[in-house]
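Reader: I'd like a close look at the pocket side of this protein, and at whatever packs around it. Could you walk me through it in plain bench language?

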Amino acid sequence: MHNKFITDLMNLPDLVATDLIQTEEYLVFVADYQKDHVKCPVCGKKADKVHDRKVQMVQDTPLRDKKVAIRLVKKRYSCSHCGKRAIPKRIESITKYSRKTERFKMHLLKQTDSRDYSRVAKEHGLSYTSIQNSVHSKLDALIKEAQLATLDEVEAISIDEFAIKKKHKYAVALTDPINGKLIDILTSRKKDDLIEYFNTWPEKLREQIKYFSMDMWSPYKAVAETVFPNAKIVVDKFHLVTAINNALDKLRKEEQDKQTPANRKKFYKSRLTLLMAGEDLDDDGHQRLIEIFKLSPALEKAWELKEEFRDLLQIPDVKESIEALNHWYENVSQAKLNLFYRAKGTVKRWEQHIINYFKTRITNGFAEGLNNKIKLIKRIGYGVPKVENLKRRVYLSLLSI
């Protein structure tokens with residue numbers, strides 16, 4: 001007989017409780033279906049004759065420091081109208097064939113956010129595999145739901161790779177740079193693999209993409225041109241600054257090799273100071289630069305070109321930004337520094353896509369922040385050499401659960 005107090009305590013909408021059994025370790029809810037019939041899938045009429053019964057124990061979220069189980073008599077029904085037999089009863093709170101409630105899976109998922117599976121498994125008297133399967137199935141469903149919601153409103157895509165194994169294996173993070181959301185994490189950055197992946201998207205979705213933000217890597221450009229016919233390619237400003245910084249650092253090494261041992265040490269100690277934004281330098285930083293610039297006027301020119309390039313990226317007006325870029329080209333030519341002349345050539349090759357940045361101000365900023373989160377997850381060490389597991393961990397850190 002239905003016990004309202006115990007049913008309210010159990011709090012599962014499609015089940016009612018008939019009894020509560022307490023042991024030293026467990027609270028066991030004896031449960032039955034809220035409705036004693038099903039709709040016949042053949043004739044559509046009510047089927048209420050019980051065909052067979054089977055007792056199933058389902059683990060639920062702990063309550064009052066005790067483990068909780070639900071003793072459910074599962075039933076299959078027969079239709080007296082058309083003769084259809086063995087019609088199962090579907091339950092929303094318990095997935096088919098599962099031995100755990102959906103809310104218990106969510107409970108496990110939250111617990112594994114900051115702890116390893118083995119410890120959570122031990123606390124709940126479950127196996128490592130059981131925890132892993134429950135968490136993965138629940139998280140995969142949440143990821144799919146989040147991806148569908150993100151793709152529904154996406155107009156821009158940012159693509160950025162990160163190392164799974166340094167200099168050996170790379171994965172790719174796809175993000176929505178406008179809304180600051182993760183779209184997906186892919187196991188390959190190869191052009192053909194990316195084209196194959198994007199071709200699984202509906203044509204309407206691919207046509208709604210207006211901007212494609214990327215670093216200066218030709219395969220990404222080829223992907224964008226192949227699968228996103230309406231997208232403007234935008235070169236990410238952070239990668240532009242990195243390219244200029246690389247030219248400056250290479251010049252620093254060349255100039256360092258020309259110095260005496262004592263001065264070489266000064267150049268080496270100033271390597272990070274040179275790459276800092278000028279406005280962020282303290283008095284000691286300025287003094288270090290003054291000392292090495294006295295020893296290398298070429299390095300001083302290079303540093304000024306680096307700062308000029310950073311400044312032009314901050315100009316809000318598109319026309320002024322383009323004028324400043326052309327002025328930077330002239331200054332690079334006058335400086336006669338081979339490394340910066342090469343950097344200028346790279347910038348010129350991507351000029352139109354850099355101008356698209358001036359017009360849109362879209363960057364890979366969210367993706368760069370995501371990469372830092374990925375590095376932290378890898379450093380903590382959740383056993384994530386597999387990209388799929390890493391993807392789950394990243395989404396778990398982003399989802400509001």
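Author: Here is a walk through the pockets, followed by the helices, rings and loops around them. Keep in mind that this is a predicted model.

Let's start with the largest pocket, which has a volume of about 680 Å³. Its lining takes in 26 residues, and the ones nearest the centre are D160, E161, Y170, D215 and H239. As for where the walls come from, two or more lining residues come from each of β8 (156-165), α8 (237-257), α14 (338-349) and α16 (365-380). Sort that lining by class and you get 11 charged, nine nonpolar and six polar residues.

One of those wall elements, α16, also holds G369. With a relative accessible area of 38%, G369 counts as partly exposed, because the partly exposed class runs between 20% and 50%. If you want a feel for distances, take G369 and L205: they are 164 residues apart along the chain, and their C-alpha atoms are 26 Å apart.

Two more of the wall elements, α8 and α14, turn up again when you look at helix α15. This helix covers residues 351-360, and its buried residues are H353, I354, I355, N356, Y357 and F358. They have plenty of partners: the buried residues of α15 pack against α7 (218-227), β12 (232-235), α8, α12 (297-312), α13 (318-335) and α14. So which residue follows α15, and what is the sign of its phi? That residue is R361, with a positive phi near 60°.

Now for the rings around W328 and Y329. Both of these residues are buried. Searching the whole structure turns up 12 aromatic pairs. In general, you describe a pair of aromatic rings by how far apart the centres are and by the angle between the planes. For Y197 and F198, the ring centres are 5.3 Å apart and the planes sit at 65°, so this pair is edge-to-face. The W328 and Y329 rings, with centres 6.1 Å apart and planes at 55°, make a tilted pair. The cut-off matters here, because edge-to-face asks for an angle over 60 degrees.

Are Y197 and F198 buried or exposed? F198 has 0% relative accessibility, so it counts as buried. Y197 comes in at 19% and is also counted as buried, because the limit is under 20%. Neither ring is on its own, either: ring pairs link Y197 and F198 with W201, F212 and F228 into a cluster.

Y329 has a charged partner as well. The charged end of K348 sits over the Y329 ring, at 4.1 Å from its centre. There is a similar arrangement at Y268, where R271 lies over the face of the ring, 3.9 Å from the ring centre.

That brings us to S270, in the loop between α9 (261-269) and α10 (271-275). You might expect a loop residue to be out in the open, but what does the accessibility of S270 say? The value is 2%, so S270 counts as buried. Beyond its neighbours within four places in sequence, S270 makes contact with R288 and I292.

Next, the second largest pocket, with a volume of about 450 Å³. Of its 20 lining residues, Q56, K74, P88, K96 and Y97 are the closest to the centre. Two strands, β5 (49-63) and β6 (66-78), each give at least two residues to this lining. By class, it has nine charged, eight nonpolar and three polar residues.

The loop between β5 and β6 is worth a stop, as D65 is found there. D65 is exposed, its relative accessible area being 85%. The backbone stands out too: phi of D65 is near 65°, which is positive in a residue other than glycine. N11 also has a positive phi, about 55°, and is not a glycine. You'll find N11 in the loop between α1 (4-10) and β1 (15-22). N11 is exposed as well, with a relative accessible area of 51%; that makes the class because exposed means over 50%.

Note on methods. Residues are numbered from 1 along each chain as its sequence is written. This is a predicted model: local features need pLDDT of at least 70, side-chain atom pairs count only at pLDDT 80 or more; totals for chains, interfaces and linings use all residues. Side-chain values use heavy atoms; hydrogens and water are left out. Helices (H or I, at least four residues) and strands (E, at least two) are DSSP runs, numbered from the N terminus. Buried means under 20% relative accessible area, exposed over 50%, partly exposed in between (1.4 Å probe, protein chains only). Contact means heavy atoms within 4.5 Å. On a 1 Å grid over the protein atoms alone, a cavity is a set of points where a 1.4 Å probe fits but cannot get out, and a pocket is an open set with protein on both sides within 12 Å along at least five of seven lines; lining residues have an atom within 4 Å of a point. Grid points are joined across faces, edges and corners, and a volume is the space filled by probe spheres set on the points. Ala, Val, Leu, Ile, Met, Phe, Trp, Tyr, Cys and Pro count as nonpolar, Asp, Glu, Lys and Arg as charged, and the others, Gly among them, as polar. Rings of Phe, Tyr and Trp (its six-membered ring) pair if their centres lie within 6.5 Å; planes under 30 degrees apart count as stacked, over 60 as edge-to-face and the rest as tilted. A charge sits over a ring if NZ of Lys or CZ of Arg is within 6 Å of the ring centre and within 35 degrees of the ring normal.
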